[in-house]
Amino acid sequence: MTLAHLSDTHLGFRAYGRTTPGGLNQREADVMATFQSALDAIAERDPDLVIHAGDLFHVVRPGNATIVRAFQALTEFQSKRGGRPFVLIGGNHDTPRSSDSGNILRLFESIPGLRLAPHRAETIDFSELDLEVLAVPSHALLRNQQPEYSPSGTRKHSVLTLHGMARQALPRHAQFDVEQTCHDDWTYVALGDYHSYQPYGRNVCYSGSTDFASTNIWDEARVPKGWVWFDTEVGRLEQVGLATRPVLDLPTIDAQGHDLGQVESQMRSNAQWEDGFPIVRQRIVNFPPGLRGKLDHQLIREIAARALNYQIQAVAPQPVAIGNRDGIVTRTLEQSWSEHIDKATLTKSVSRGALKELGLALLKEVREREAATPSA
Ligand SMILES: [Mn+2]
């Protein structure tokens, strides 16, 4: 048996002000185009089973254009595949909290071969493939309505699909543990919710989103987008890449000890990319907020004209609030450290200057590490 696993297509996602000549938000059009190319690539490889692990739509009520395009794309896809099995589960983005009845996903039930689990966990049986699929949508996981994560044992093949956050992916938002899924007992476990491709074993993974469709795309920029192919005869995950509009997180500029001209010249040299109107972020750390508006507007306009979006993210030197008898004062850690050492009583064997330098060097090291890690 062969299967294709995709997830988190987030149709209807919108960002930035740009629109297509037809008046659609440019990112909404991008995300739809990537979805279409995923379907084309999957149809080409012709799997026995397709799993969409949730968040087909970005919102509970997508715009009409997005609903119509999604319906047409899936109808055409299923007709190309002769209505072979396709399982689609509800995600946290496209499932209304209150009731099942108003769920937009219900519309898709009429597409031949498409089986839906929008709200409740259910087992779907496909005798023609000697296969059972346990579908656990977001709503069921959140309400603790998931059944035991074990296959019934009556079918040769068994697939678990689940939409939710694993402790292994984002510990602070954990809804389940990958170990809980007993993935070794299943033929395949298709996870949805986490937006980067992330395998946890030979047969279990997040396929990731098909395009950049969240508020923090910068963390995702390091992992290519795609969907996953699995052939039970081969028994190995294969991520199949998808071309998207490029997302570029340019090297961070540290403004400490530099003047505006030097910062601008680094911005210019960082802004080297081929055409293709990427989505770009330029971080500048240790940059006082007041200086943001003093950067060369012409330079910024020139760079921005070659991007769909050029975002300058200025991070101010971190002040730290310290309380004393006279009230709360704001100082940088470096200032506080220097002032403390200037006044501290030290044993004779310790050099005041060397100790001060050591502290400042360590603080600098911490800042550099922080600058190298994109914020969550
Ligand atoms: Mn999602």
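**View 1. How the manganese donors are spaced along the chain.** In this predicted model, the residues that hold the manganese ion follow the pattern D-x1-H-x44-D-x139-H. The donors themselves are D8 (OD), H10 (NE2), D55 (OD) and H195 (NE2), sitting at 2.0 to 2.5 Å from the metal. Look at where two of them come from: D55 is in the loop between β2 (49-52) and α2 (64-80), while H195 is in the loop between β8 (188-192) and β9 (198-199), so this pair ties together parts that are 140 residues apart in sequence. How much of these two side chains' residues is left accessible? D55 is buried at a relative accessible area of 0%, and H195 is buried too, at 10%.

**View 2. D193, in the loop between β8 and β9.** D193 belongs to the loop between β8 and β9, and H195 is found in that loop as well. With a relative accessible area of 12%, D193 counts as buried. Its side chain makes a polar contact of 3.3 Å with the side chain of H163. Beyond its neighbours within four places in sequence, D193 is in contact with S7, D8, D55, N92, H163, G164, M165, Q175 and Y206. Two names on that contact list, D8 and D55, are also donors to the manganese ion.

**View 3. Strand β8 and its two partners.** Here β8 pairs with β7 (residues 157-163) in parallel, through 5 bridges. It also pairs with β10 (residues 204-206), again in the parallel sense, over 3 bridges. To get your bearings, find H163, whose bridge partner in β8 is G192, and then V189, whose bridge partner in β10 is V204. H163 is worth a second look, as its side chain is the one in polar contact with D193.

**View 4. The two faces of β8.** In a regular strand, side chains alternate between the two faces of the sheet. Which residues of β8 go on which side? Y188, A190 and G192 are on one side, with V189 and L191 on the other, and every one of them is buried. Put as a tally, 5 of the 5 residues of β8 are buried.

**View 5. The open six-stranded sheet.** This open sheet has 6 strands in the order β4-β3-β2-β1-β11-β12, and its pairing is mixed. At the edges are β4 (114-117) and β12 (237-241), each of which pairs on one side only. Ignoring direction, neighbouring strands are turned by 20° against each other on average. Inside the sheet, β2 and β3 (residues 86-89) run parallel and share 3 bridges. As a landmark for that pair, H52 stands opposite L88 in β3. Resting on this sheet is helix α1 (residues 26-45), which touches β1 (2-6), β2, β11 (226-231) and β12. The direction of α1 makes about 15° with that of β11.

**View 6. Helix α1 from end to end.** What does α1 span? Its 20 residues reach 29 Å from the first C-alpha to the last, close to the 28 Å expected at 1.5 Å a residue. At the start of the helix, a side-chain oxygen of N25 comes within 2.9 Å of the backbone nitrogen of R27. Just past the other end, D46 adopts a positive phi of about 55°.

Technical notes. Residues are numbered from 1 along each chain as its sequence is written. This is a predicted model: local features need pLDDT of at least 70, side-chain atom pairs count only at pLDDT 80 or more; totals for chains, interfaces and linings use all residues. Side-chain values use heavy atoms; hydrogens and water are left out. Donors are N, O and S atoms within 2.8 Å of the metal (3.2 Å for Na, K and Ca); water is not among the atoms, so sites may look incomplete. Helices (H or I, at least four residues) and strands (E, at least two) are DSSP runs, numbered from the N terminus. Buried means under 20% relative accessible area, exposed over 50%, partly exposed in between (1.4 Å probe, protein chains only). Two strands pair if DSSP finds at least two bridges between them. Axes are lines fitted to C-alpha atoms, for helices over the stretch in contact, and angles run from 0 to 180 degrees between N-to-C directions. Contact means heavy atoms within 4.5 Å. A polar contact is a pair of N or O atoms within 3.5 Å; within protein, one must be able to donate a hydrogen and the other to accept it, and residues adjacent in sequence count only if both atoms are side-chain atoms. The expected span of a helix is 1.5 Å times one less than its number of residues.
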